[in-house]
Amino acid sequence: MSVITKRSVCPFDCPDTCGMLVEVEGGKAVSVKGDPLHPFSRGTLCPKMRHYEESVHSPLRLTTPLKRTGAKGSGEFAPISWEEAVATIASRWRAIIAEHGAEAILPYSYAGTMGIVQRNAGHPFFHRLGASRLDRTICSPAKGAGWQAVMGQTATPPPETAGKSDLLILWGINAAATSIHFLNQAKEVQAKGGTVWLIDTYETPTASAADRTFLVRPGSDGALALGIMHILAREGLTDMAFLDSQVLGYEELKREVLPLYPPAVCSRITGLAVEEIELMARFFASARAPFIRLGSALSRYGNGAMTVRTICCLPALVGAYGKEGAGCFPDTATGAAFPMGLLLREDLIQGSPRLINMNQLGQALNELSDPPVMGLYVYHSNPAAVTPDQNAVLKGLARENLFTVVHERFMTDTARYADIVLPATSSLEHSDIYRSYGTYCIQRAQGAIDPVGESKSNWEVFSLLAAELGFQEELFNLSADQVIDRLLAVPTPLRQGIDEEALAAGLPVELAAREGGYRTTSGKIEILNRQLAHPLPVYLPTHEENGTLPFRLMTAPNPYALNATFYEREELRARQGGMQLRMNPADAAAKGLADGERVVAWNALGEVTFLLKTTDKVPACLVVAEGVWWLAYAPGSRSVNALTSQRLTDEGGGSTFYDNRVDVRREL
Ligand SMILES: Nc1nc2c(c(=O)[nH]1)N[C@H]1C(S)=C(S)[C@@H](COP(=O)(O)OP(=O)(O)OC[C@H]3O[C@@H](n4cnc5c(=O)[nH]c(N)nc54)[C@H](O)[C@@H]3O)O[C@H]1N2
Ligand SMILES: Nc1nc2c(c(=O)[nH]1)N[C@H]1C(S)=C(S)[C@@H](COP(=O)(O)OP(=O)(O)OC[C@H]3O[C@@H](n4cnc5c(=O)[nH]c(N)nc54)[C@H](O)[C@@H]3O)O[C@H]1N2
Ligand SMILES: [Mo]
């Protein structure tokens, strides 16, 4: 049989958005490779995607619609036809709407696929239905709020420019796991004699790519940035010409804020020595082009937006913004490349349905009334695993009077609680167009193989449901490819000058046009922003700054999984070494715990069994639980998010996954 190679794009929630070449033989994907034409990933894939074909053709794929036959959560189901599934959903929803109104139905989705059409497929449908709206804040809205406080809508530099820096700071990012191709920039910097620093709370694998690693206390980075700025101001290391002409509020910062943050104070907050903070300040000031690559985890704290805002001020003091190879890179914002209104159809919203914060699904399912949530439709998300306060989420999902539909590729922890399960295509089985939050690439991809079993894409399922409910809008009758064509038919400033033919042919294309200047209210970088509750940056405490339990809990990404995705792959689970809790050997000894033993981490929200891994890469008073395991493969009956709370960030309504404490004991 002949092998055909097709271009595709990695659909997962990762800043790199790699280009892929898929080899198809006899209708099956037999291998995937990195696409050498992709400008950022340059032909290599991460360890998860190197064998994507094993996920696509996994024996665990769901292949038919299912209806529940046992108790909720038991995982007992019987196959049904698509006709029965769609008719059941429509009739149950009609009954819910008649009794409680359409707001009693809640969609729940996040980032199982990042493709623009499939990811947003439910938006027009649920707007038209009149359902409650979901505030999709689980990832990093506080990071966005922090950047915007200082930089407004200013475009970030292309990530590749970091290679031209002479001091690259990987600040709160485990790039070896979450953006492996960005490490090419780190290598470029080092090859030219420059320096790479990592600032994290424990020593991740990225430390081996850095010349020096600084470990700070969780959520204290804002104090580090203030301490560095204090020293820059004190020692006259600032770029006054830049500050005078391009920045608003430096004098106010210097007069009112920086005196409160001498190095000794910042040392107490961050845990770094005064000498380390001084060294960082002087080195930063003497760099020709300092570049900060900012991760997201440090924004997932009660003070997360303020932390990001404070760090974003730092490059302004040395005139690093606007200089090639310098500045700060949080993410790329490329949504405006497409006329998203055509797809999101907010004009279909009737009245003002309530907005439910996705981090507080537990509260929504258990506590909301007027109306209560009676119907839940989950698509490309796995809230039983990824959403904070797992015990509250599972309690809600177990409600006998809650009608739950889950559209999934696998029998996830969430799907086990469904009344109806619908099988979803993988990205190799449907069309989409992709943008990226870590590069300026866009790329269109068509299905490379036929759907596995009877699976259907998000777009197709919402078209079926719309037809069953009698929705007349033309959009619901279009195919995903037709929707993509319509998006591409409308020119946007961001797509100006791109090679439309290459895009149509499925090649990766870089957006070049970016509006220059500082896109803030004042047209300057705004250290002072009077529209905010705190007009100047200050250090705010985290939720758990003064908590009483002994360990701060880091719920970090693992290189061999992506949130709760990829757990179907035994080899990747094995490479994680099981569901581990990592702890400093001295802390373990003080507790009488031994490496490899089953331990229980606990707090007021729940208890979770882990395998203990002692390592001096983790500092004292910290424990690390990487990965979001499926319960089927967890050592106990819960996974890490039974220990994380529904509390939100200071701005943006974001998750606070890292702002939790636990104690640890031997499992009895
Ligand atoms: N392999 C893999 N890749 C992924 C993911 C995954 O789970 N696995 N997740 C994807 C998703 S959804 C996202 S949003 C992105 C980014 O996902 P993020 O979760 O933002 O991950 P990183 O940006 O790598 O940053 C995490 C690092 O920040 C550190 N950290 C935690 N608290 C602090 C702090 O207070 N200060 C400092 N300095 N560091 C801190 C953690 O220890 C960790 O090493 O990655 C994506 N890519
Ligand atoms: N403890 C802890 N919890 C976390 C995090 C953490 O670092 N630590 N990270 C948080 C962050 S940053 C994020 S962004 C969230 C991510 O939250 P989610 O986006 O919910 O994360 P995933 O686990 O990737 O779940 C996506 C699901 O979508 C399914 N899927 C994939 N493609 C399709 C498709 O085309 N259609 C349908 N219907 N389904 C599809 C996959 O099989 C998978 O089960 O998790 C958060 N939770
Ligand atoms: Mo995320």
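A residue is called buried when its relative accessible area is under 20%. The exercises below concern a predicted model.

**Exercise 1.** Determine whether S645 is buried or exposed, and describe its surroundings.

*Solution.*
Step 1. Locate the residue: S645 belongs to the loop that runs between β26 (622-624) and β27 (661-666).
Step 2. Apply the cut-off: the relative accessibility of S645 is 9%, and therefore S645 counts as buried.
Step 3. List its contacts: leaving aside residues up to four places away in sequence, S645 touches P388, L605, T656 and N660.
Step 4. Compare sequence with space: T387 stands 258 residues from S645 in sequence, yet their C-alpha atoms are 9.2 Å apart.
Step 5. Examine the side chain: one of the polar atoms of the S645 side chain lies 3.1 Å from the backbone nitrogen of R647.

**Exercise 2.** Describe the shell of residues around ligand 2 and the cover that the protein gives this ligand.

*Solution.*
Step 1. Identify the residues that come nearest: of the 29 around ligand 2, these are S381, E408, N458, A564 and T565.
Step 2. Sort the shell by character: it divides into 11 nonpolar, 14 polar and 4 charged residues.
Step 3. Consider side-chain polar contacts: an N or O atom in the side chain of S381 is 2.7 Å from an oxygen atom of ligand 2, while one in the side chain of N458 is 2.8 Å from a nitrogen atom of the ligand.
Step 4. Assess the cover: on its own, ligand 2 has 920 Å² of accessible area, of which the protein covers 97%.

Key
Residues numbered from 1 in each chain as written. Chains lettered and ligands numbered in written order. Predicted model: local features only at pLDDT ≥ 70, side-chain atom pairs only at ≥ 80, totals over all residues. Heavy atoms only, no water. Helix = DSSP H or I, 4+ residues; strand = E, 2+ residues; numbered from the N terminus. Buried < 20%, exposed > 50% of the residue type's maximum accessible area, 1.4 Å probe, protein only. Contact = heavy atoms within 4.5 Å. Polar contact = N/O pair within 3.5 Å; in protein donor to acceptor, adjacent residues only side chain to side chain. Near = heavy atom within 4 Å. Areas by Shrake-Rupley, 256 points an atom, 1.4 Å probe, with all protein chains shown as cover. Nonpolar A, V, L, I, M, F, W, Y, C, P; charged D, E, K, R; others polar.
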